[in-house]
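I opened my notebook today to look at aromatic rings and nonpolar cores. Here is the structure I had on the screen.

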Amino acid sequence: MAEELIVGGESKKERYSTLLPQVEALINHESDPVANMANISSAIMETFGFLWVGFYRVVGNELVLGPFQGPLACTRIKYGRGVCGTAWEESRTLVVDDVESFPGHIACSSASRSEIVVPYFSGGKVAGVLDIDSSELATFDEVDAEYLEKMMQAFGDSLF
């Protein structure tokens, strides 16, 4: 695959519809998970221009920072802490319209206003999460959740 994204469409759904097969092609042609995390983060950031897009990997009883695009981030997050740790604990996507209203939110960046966290699985267990932050309130919705879950399904499937 070329190292260039071709993303079209006016709506968020249209942009995800053109982005998803390109991300799947990237994953299908590369076996290294770190390389795939880096390219997925870059592709999402390039397409949508969010504040922060990146991965946390499950290492023992913590999430450890992986490849990302954006400002500096928290390096380690405990199980069940913040939005990322809660998505890991609950094994489900979390959409937070206002991070200030999320109990126990970890403020890695004061510019973050809304967030979506999507777990990815390997061997039936959460292996990590995709975390995306926006500087605007209520940025994320069911369209983001649907397409990012498909993306993380493909990524998780590529792990083993």
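Entry 1. I began with a lysine beside a ring: K150 lies over the face of Y147, 4.9 Å from the ring centre. I note for myself that this is a predicted model.

Entry 2. Next I asked which other rings join Y147 in a cluster. I found that ring pairs link it with Y16, F48, F50 and F140.

Entry 3. I then counted aromatic pairs, taking ring centres within 6.5 Å as the cut-off. I got 10 aromatic pairs. One of them is F55 with F155, a tilted pair with 5.5 Å centre to centre and 55° between the planes. F55 sits in strand β1 (residues 52-59) and F155 in helix α4 (residues 142-159), so this pair ties together parts that are 100 residues apart in sequence. I checked whether these two are buried or exposed. Both F55 and F155 turned out to be buried.

Entry 4. F155 came up again when I turned to the largest nonpolar core, which has 31 residues. F155 is among those with the most contacts inside this core, along with I40, I44, I132, L148, M151 and M152. I listed the elements that give two or more residues to this core: α1 (12-28), α2 (33-48), β1, β5 (114-122), β6 (125-134) and α4. Helix α4 gives the largest share, 9 residues.

Entry 5. I picked L148 for a closer look at its neighbours. Leaving aside residues up to four places away in sequence, L148 touches Y16, I44, I116, V118, L130 and I132.

Entry 6. Last, I found a second, separate core of 17 residues, with C74, W88, V117 and V126 among them.

Conventions. Residues numbered from 1 in each chain as written. Predicted model: local features only at pLDDT ≥ 70, side-chain atom pairs only at ≥ 80, totals over all residues. Heavy atoms only, no water. Phe/Tyr/Trp six-rings, centres within 6.5 Å; stacked < 30°, edge-to-face > 60°. Helix = DSSP H or I, 4+ residues; strand = E, 2+ residues; numbered from the N terminus. Buried < 20%, exposed > 50% of the residue type's maximum accessible area, 1.4 Å probe, protein only. Lys NZ or Arg CZ within 6 Å of the ring centre and 35° of its normal. Core = buried A, V, L, I, M, F, W, Y, C linked by side-chain atoms within 4.5 Å. Contact = heavy atoms within 4.5 Å.
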